[in-house]
Amino acid sequence: MESLELATHIARILDIRKAQDIKVMKVRDLTVLTDYFVIAEGTSTTQVKSLAEDIEFYLEQEGIRPLRTEGYDTKNWILLDYGEVIVHLFYPQAREFYDLEHLWADADPVEIDFDKDITKYHKYHKYLSK
């Protein structure tokens with residue numbers, strides 16, 4: 001799966017699971033760390049953890065596993081590193097404090113059409129619409 005496709009895939013999962021303020025940022029030209037950041041927030045630490053678990057579960061169904069994860073212990077900022085895509089899931093106050101969008105302001109935003117090709121997610125609907 002190409003990095004943009006993976007980032008879009010993750011953003012759609014987050015949308016289905018009711019994540020807030022989902023952003024995809026192309027950082028490929030700014031760092032060697034990754035190609036894209038996907039940034040989103042949950043309304044509670046419980047939802048932040050649930051969003052991370054849902055992404056991991058869904059992508060594992062596709063044979064994709066994170067290289068590393070961080071933050072499950074605090075649930076204020078959970079990071080899922082998929083190599084070409086790094087996912088940042090925040091509790092709102094942590095997102096405001098760390099302000100990654102400002103730190104990476106030179107990144108190109110990626111527009112996601114959350115209604116496009118939604119039918120490909122129906123096979124996992126029973127998992128994603130808990």
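This is a short talk on the helices, the sheet and a few individual residues of one protein chain.

Hi everyone, and thanks for coming. One thing up front: what we have here is a predicted model. Let me begin with the overall layout and then work inwards.

The protein chain holds five helices and six strands. Reading from the N terminus, the order of elements is α-β-β-α-β-β-β-α-α-β-α. Of the 130 residues in the chain, 45% are buried. Taking the contacts with a separation of 6 or more, 63% of them link residues 24 or more positions apart.

Now the sheet. How are the six strands ordered? They form an open sheet in the order β3-β4-β5-β2-β1-β6, and the pairing is mixed. At the edges are β3 and β6, which is residues 108-110; each has a single partner strand, so one side of each is left without a neighbour in the sheet. From one strand to the next, the twist averages 20°.

Let's stop at β5, residues 85-90. Six of its six residues are buried, so β5 is largely enclosed by the rest of the structure. As a reminder, side chains in a regular strand alternate between the two faces of the sheet. In β5, V85, V87 and L89 point one way, while I86, H88 and F90 point the other way. You'll notice a histidine in that second group, and H88 is buried along with the others.

What does β5 pair with? On one hand there is β4, joined to β5 by five bridges and running antiparallel to it. On the other hand there is β2, joined to β5 by six bridges, and that pair runs parallel. V87 is a nice residue to click on here: L80 stands opposite it, and so does V38. Further along β5, L89 is the bridge partner of I78. The hairpin of β4 and β5 has three residues between the strands, and one residue to look at there is G83, with a positive phi near 80°.

On to the helices, starting with α1, residues 3-16. It has 14 residues and reaches 20 Å from first C-alpha to last, close to the 20 Å expected for that length. Is α1 mostly enclosed or mostly open? 10 of its 14 residues are buried, so α1 is largely enclosed by the rest of the structure. Among the buried ones are H9 and R12, alongside L6, I10 and I13.

What does α1 lie across? The strands are β1, β2, β5 and β6, and α1 runs at about 5° to β2. Its helix neighbour is α2, residues 45-61; the two pack at an angle of about 130°, with their axes 10 Å apart. That makes α1 oblique to α2, and the crossing is right-handed. At the contact, L6, H9, I10, I13 and L14 of α1 meet L51, I55, Y58 and L59 of α2.

As for α2 itself, its 17 residues should span 24 Å, and the end C-alpha atoms are 25 Å apart, which agrees. Its buried residues include L51, I55, Y58 and L59, and also the acidic D54 and E56. After α2 comes G63, with a positive phi near 80°.

A residue that ties several of these pieces together is Y36, found in strand β2. Y36 is buried, with a relative accessible area of 5%. Beyond its close sequence neighbours, its contacts include S3, L4 and A7, then V24 and M25, then V85 and I86, and also V110. Y36 and L6 are 30 residues apart in sequence, yet 9.2 Å apart in space, C-alpha to C-alpha.

Last stop: backbone angles. Most residues other than glycine have a negative phi. Which residues are worth checking against that? K18 has a positive phi near 70°, and its place is in the loop between α1 and β1. K18 is exposed, with a relative accessible area of 58%. Then there is K75, whose phi is near 65°, again a positive value. K75 sits in the loop between β3 and β4 and is partly exposed, at 24% relative accessible area.

That's my tour. Happy to rotate the model to whichever part you'd like to see.

Terms used
Residues are numbered from 1 along each chain as its sequence is written. Side-chain values use heavy atoms; hydrogens and water are left out. Helices (H or I, at least four residues) and strands (E, at least two) are DSSP runs, numbered from the N terminus. The expected span of a helix is 1.5 Å times one less than its number of residues. Buried means under 20% relative accessible area, exposed over 50%, partly exposed in between (1.4 Å probe, protein chains only). Two strands pair if DSSP finds at least two bridges between them. Axes are lines fitted to C-alpha atoms, for helices over the stretch in contact, and angles run from 0 to 180 degrees between N-to-C directions. Contact means heavy atoms within 4.5 Å. Angles under 35 degrees count as roughly parallel, over 145 as roughly antiparallel, 65 to 115 as roughly perpendicular and the rest as oblique. A crossing is left-handed if the near helix is turned anticlockwise from the far one by less than a right angle, and right-handed if clockwise. Lists of a residue's contacts leave out its neighbours within four places in sequence.
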